[in-house]
Amino acid sequence: MATTMDADAADAPGYEQARDELIDVVRRLEAGGTTLEESLALWERGEDLAKVCRRWLDGARARLDAALAEEEGAEDRDSGGSQ
(Lines give C-alpha, C1' and ligand atoms only; values in the text may rest on other atoms or scores of the structure.)
Protein backbone atom coordinates (compact mmCIF):
# COMPACT_ATOMS: atom_id res chain seq x y z
CA MET A 1 0.00 0.00 0.00
CA ALA A 2 1.31 3.49 -0.82
CA THR A 3 2.15 5.82 2.02
CA THR A 4 0.94 9.41 2.31
CA MET A 5 4.49 10.69 1.88
CA ASP A 6 6.44 10.58 -1.39
CA ALA A 7 9.74 8.71 -1.54
CA ASP A 8 11.65 12.01 -1.79
CA ALA A 9 10.03 13.11 1.49
CA ALA A 10 10.86 9.90 3.34
CA ASP A 11 13.00 11.77 5.84
CA ALA A 12 10.30 14.41 6.43
CA PRO A 13 8.93 14.60 9.96
CA GLY A 14 5.67 13.00 11.00
CA TYR A 15 2.56 15.13 11.31
CA GLU A 16 2.82 15.84 15.04
CA GLN A 17 6.51 16.68 14.87
CA ALA A 18 5.98 19.00 11.88
CA ARG A 19 2.99 20.67 13.56
CA ASP A 20 4.87 21.26 16.81
CA GLU A 21 7.87 22.70 14.99
CA LEU A 22 5.57 24.88 12.88
CA ILE A 23 3.97 26.25 16.05
CA ASP A 24 7.44 27.08 17.38
CA VAL A 25 8.40 28.80 14.12
CA VAL A 26 5.23 30.92 14.21
CA ARG A 27 5.84 31.90 17.85
CA ARG A 28 9.41 32.93 17.04
CA LEU A 29 8.27 35.01 14.07
CA GLU A 30 5.51 36.67 16.09
CA ALA A 31 7.90 37.46 18.95
CA GLY A 32 10.17 39.39 16.61
CA GLY A 33 13.71 40.29 17.55
CA THR A 34 15.26 38.33 14.69
CA THR A 35 17.25 39.66 11.80
CA LEU A 36 15.73 39.82 8.35
CA GLU A 37 17.85 36.84 7.30
CA GLU A 38 16.72 34.81 10.33
CA SER A 39 13.10 35.78 9.74
CA LEU A 40 13.29 34.69 6.09
CA ALA A 41 14.86 31.36 7.09
CA LEU A 42 12.12 30.82 9.68
CA TRP A 43 9.44 31.72 7.12
CA GLU A 44 10.85 29.25 4.61
CA ARG A 45 11.05 26.52 7.26
CA GLY A 46 7.45 27.29 8.22
CA GLU A 47 6.34 26.95 4.59
CA ASP A 48 8.10 23.58 4.32
CA LEU A 49 6.52 22.36 7.56
CA ALA A 50 3.07 23.53 6.46
CA LYS A 51 3.47 21.49 3.26
CA VAL A 52 4.41 18.41 5.28
CA CYS A 53 1.32 18.86 7.47
CA ARG A 54 -0.90 19.38 4.42
CA ARG A 55 0.39 16.16 2.81
CA TRP A 56 -0.34 14.19 5.97
CA LEU A 57 -3.82 15.71 6.30
CA ASP A 58 -4.59 15.16 2.61
CA GLY A 59 -3.46 11.55 2.95
CA ALA A 60 -5.62 11.05 6.01
CA ARG A 61 -8.63 12.56 4.20
CA ALA A 62 -8.09 10.26 1.22
CA ARG A 63 -7.94 7.22 3.51
CA LEU A 64 -11.14 8.27 5.29
CA ASP A 65 -12.92 8.88 2.00
CA ALA A 66 -11.83 5.47 0.72
CA ALA A 67 -12.99 3.75 3.90
CA LEU A 68 -16.36 5.51 3.77
CA ALA A 69 -16.82 4.63 0.09
CA GLU A 70 -15.95 1.01 0.83
CA GLU A 71 -18.44 0.97 3.70
CA GLU A 72 -21.17 2.45 1.49
CA GLY A 73 -20.42 -0.14 -1.18
CA ALA A 74 -20.70 -2.94 1.35
CA GLU A 75 -24.02 -1.58 2.63
CA ASP A 76 -25.36 -1.34 -0.92
CA ARG A 77 -24.33 -4.93 -1.66
CA ASP A 78 -25.89 -6.14 1.61
CA SER A 79 -29.17 -4.37 0.91
CA GLY A 80 -29.31 -5.51 -2.69
CA GLY A 81 -28.69 -2.01 -3.99
CA SER A 82 -32.30 -0.87 -3.40
CA GLN A 83 -33.58 1.75 -1.02
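**Exercise 1.** Work out what span helix 1 should have, and check it against its end C-alpha atoms.

*Solution.* Start with the term: helices are DSSP runs of H or I with at least four residues, numbered from the N terminus. Next, the rule: the expected span is 1.5 Å times one less than the number of residues. Helix 1 has 17 residues, so it should span 24 Å. Its end C-alpha atoms are 24 Å apart, which agrees. Now step past the end of the helix: Gly32 follows, with a positive phi near 75°.

A quick word on the model: it is predicted, so local features need pLDDT of at least 70 and side-chain atom pairs count only at pLDDT 80 or more, while totals for chains, interfaces and linings use all residues. Residues are numbered from 1 along each chain as its sequence is written, and side-chain values use heavy atoms, leaving out hydrogens and water.

**Exercise 2.** Find which residues make up the largest nonpolar core, and which helix gives the most to it.

*Solution.* A nonpolar core is a set of buried (under 20% relative accessible area, 1.4 Å probe, protein chains only) Ala, Val, Leu, Ile, Met, Phe, Trp, Tyr and Cys residues joined through side-chain atoms within 4.5 Å. Here six residues qualify: Ala18, Val25, Leu42, Leu49, Val52 and Cys53. Helix 1 (15–31) and helix 2 (36–78) each give two or more. Helix 2 gives the most, with four.

**Exercise 3.** Which residues does Leu49 touch, leaving aside those up to four places away in sequence?

*Solution.* Contact means heavy atoms within 4.5 Å. By that test, Leu49 touches Pro13, Ala18, Glu21, Leu22 and Val25.

How values were computed:
Buried means under 20% relative accessible area, exposed over 50%, partly exposed in between (1.4 Å probe, protein chains only).
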